[in-house]
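Q: Please take a close look at a single part of this structure, and explain each term when it comes up.

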Amino acid sequence: MIDFLSLYILTFNCARNPIDVDRFAPHFFDALPPTDDASSPPPPDLIVLSLQEIAPIAYAFLGNTFLAPYLSAFSQLVDVAVARRWACHYVTVATENVGMTGLLVFARSDVADGIAAIETAQVGLGVQQMGNKGAVGARLAVTMPNAPDDTADLTFVAAHLAPMEHAVERRNRDWRSIVEKLVFGPESSPTRGDYERADDELERETLLHGPTSSRHAAEYRGLFAPTSYLFLAGDLNYRTANVSPRLEDQGRFPRNDVEPTSPRHYSHLLQQDQLTREMKQSRCFHGLSEAPITFAPTYKYTHAARRAAARVGTSEDDDDDSPDGLWTSTRWPSWCDRILYLETPPGTGREEARVQTGEYRALPLFPTSDHRAVALSVSVPLTSVRPGDDTAPTAPFPIDPAWASKRDAARRKELAVGGLAYLTLTWEGNGLLVASAIGIFGAWLVLRSLFNA
């Protein structure tokens, strides 16, 4: 009998606003059966959060203590949501971000001791490869107490791709950049020296064991590691049209009070989904799958819709569908927020290694964002995956040999932009500028009085 590792994955575009924990928590586990259901599962072994636009650009680019309050709110959210359903505790095993995109991984306390070999990776996809858009990953090995001989290798990626209806090819290029530059190494934002040491080790591996061993070493550092399951979640930004909507197009926007046969039912708009089209044409997310979508578009909601959500609250009997007539008129309602996965690790096609998906669901609209969160419950079999020496490369693109230097240069730009944004766009920064100006003026007055004495 094969044991399974249970995962709960949630993606949310925070719209640069702090979350409302009290509103969010009652719906955090909406992709699981209710607690009074006979089929209600035990608490998941791992909880994974993919976050986009976590905070304003100044705090996100500077990171560390500037970003900590925004991330700690999600730790509080997990604690509150878990306490509503189970008597257990979760610990944070990975917290990483690249600019405004973040990834948090939590493990149930009895599972955490079985987690080892945590590696992380970051790539900027925004302006000058900075992290206003980007992808961040964590890779870990999990051994369960009841199955000490079997280990699940897991790779989680949070991503935020290029926006706007017309930018399909740009989003596809963003995917390519993720494959080429999301290279895993030591945990906690490795320094330039760490990158160089990792590259030196790879070079030594080539000299000692030849190109075959080097190829396998590179594979394990890239996105598609032969033994690893892969889950990618985020605001992928694929839309339902290639151009922005015109005024007359609003008559085609979905309604939440119609039958599936109506042309205004969201299922008809879903047929125009760019991501589904591009994946079928093998132009992006090669080899990945998605559970069937049975929920209304997750973006873009108006301020009126968000105000309505604030008035209604988030009681347990809220309708899962979108507020009728409250889509913004300048964007096609779209399924921007998605969770994709590899059905089996790249190095095996065995049926017993196949991922089993549960519920795939959008949470209600919360007042703090124009996106709805999306969650997926999934089970991963705990079975040893050991590809042979003849395993062929599975990544659609090779690793960029200059990935480390490019990321290093982009990080320096992030710090410069973050510092400038902090001084000019935040109250704290403005206060610092004013205080500095007052201090300089005061020093000038003192010096003037001394020279004139």
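A: A charge sits over a ring if NZ of Lys or CZ of Arg is within 6 Å of the ring centre and within 35 degrees of the ring normal. In this predicted model, the charged end of Arg139 sits in that way over the ring of Phe184, at 4.1 Å from its centre, and Arg171 lies over the face of Tyr238, 5.2 Å from the ring centre. Residues are numbered from 1 along each chain as its sequence is written, and side-chain values use heavy atoms, with hydrogens and water left out. Local features need pLDDT of at least 70 and side-chain atom pairs count only at pLDDT 80 or more, while totals for chains, interfaces and linings use all residues.

The part for a close look is strand β2, together with its partners. The protein chain has 11 helices and 12 strands (DSSP runs numbered from the N terminus, helices being H or I with at least four residues and strands E with at least two). Of the 453 residues in the protein chain, 52% are buried (under 20% relative accessible area, with a 1.4 Å probe and protein chains only; over 50% is exposed, and in between is partly exposed).

Strand β2 covers residues 46–52, and 7 of its 7 residues are buried, so this strand is largely enclosed by the rest of the structure. In a regular strand the side chains alternate between the two faces of the sheet. Both faces of β2 are covered, with Leu46, Val48, Ser50 and Gln52 buried on one side, and Ile47, Leu49 and Leu51 buried on the other.

Two strands pair if DSSP finds at least two bridges between them. Strand β2 runs parallel to β1, to which 7 bridges join it, and antiparallel to β4 (residues 101–108), to which 6 bridges join it. Ile47 takes part in both pairings, standing opposite Tyr8 on one hand and opposite Phe106 in β4 on the other.

Following β1 (residues 4–13) leads to Asn13, which counts as buried because its relative accessibility is 1%. Beyond its neighbours within four places in sequence, Asn13 is in contact (heavy atoms within 4.5 Å) with Gln52, Glu53, His160, Asp235, Asp337, Ser369 and His371. Among contacts in the whole protein chain between residues at least 6 apart in sequence, 77% join residues at least 24 apart.

Two of the residues that Asn13 touches, Asp235 and Asp337, lead to another pair of strands. In β9 (residues 228–235), 8 of its 8 residues are buried, and 5 bridges join β9 to β10 (residues 337–341) in an antiparallel arrangement. Within that pairing, Phe231 has Tyr341 as its bridge partner in β10.

Tyr8, already met opposite Ile47, belongs to one aromatic cluster together with Phe12, Phe24, Phe28, Phe29, Trp86 and Phe366. The structure holds 19 aromatic pairs (rings of Phe, Tyr and Trp, its six-membered ring, with centres within 6.5 Å; planes under 30 degrees apart are stacked, over 60 edge-to-face and the rest tilted). Trp175 and Phe224 make an edge-to-face pair, because their ring centres are 6.1 Å apart and their planes stand at 85°. This pair links distant parts of the chain, as Trp175 lies in helix α5 (residues 168–181) and Phe224 in the loop between α6 (192–221) and β9, 49 residues apart. Trp175 counts as buried because its relative accessibility is 0%, and Phe224 counts as buried because its own is 5%.
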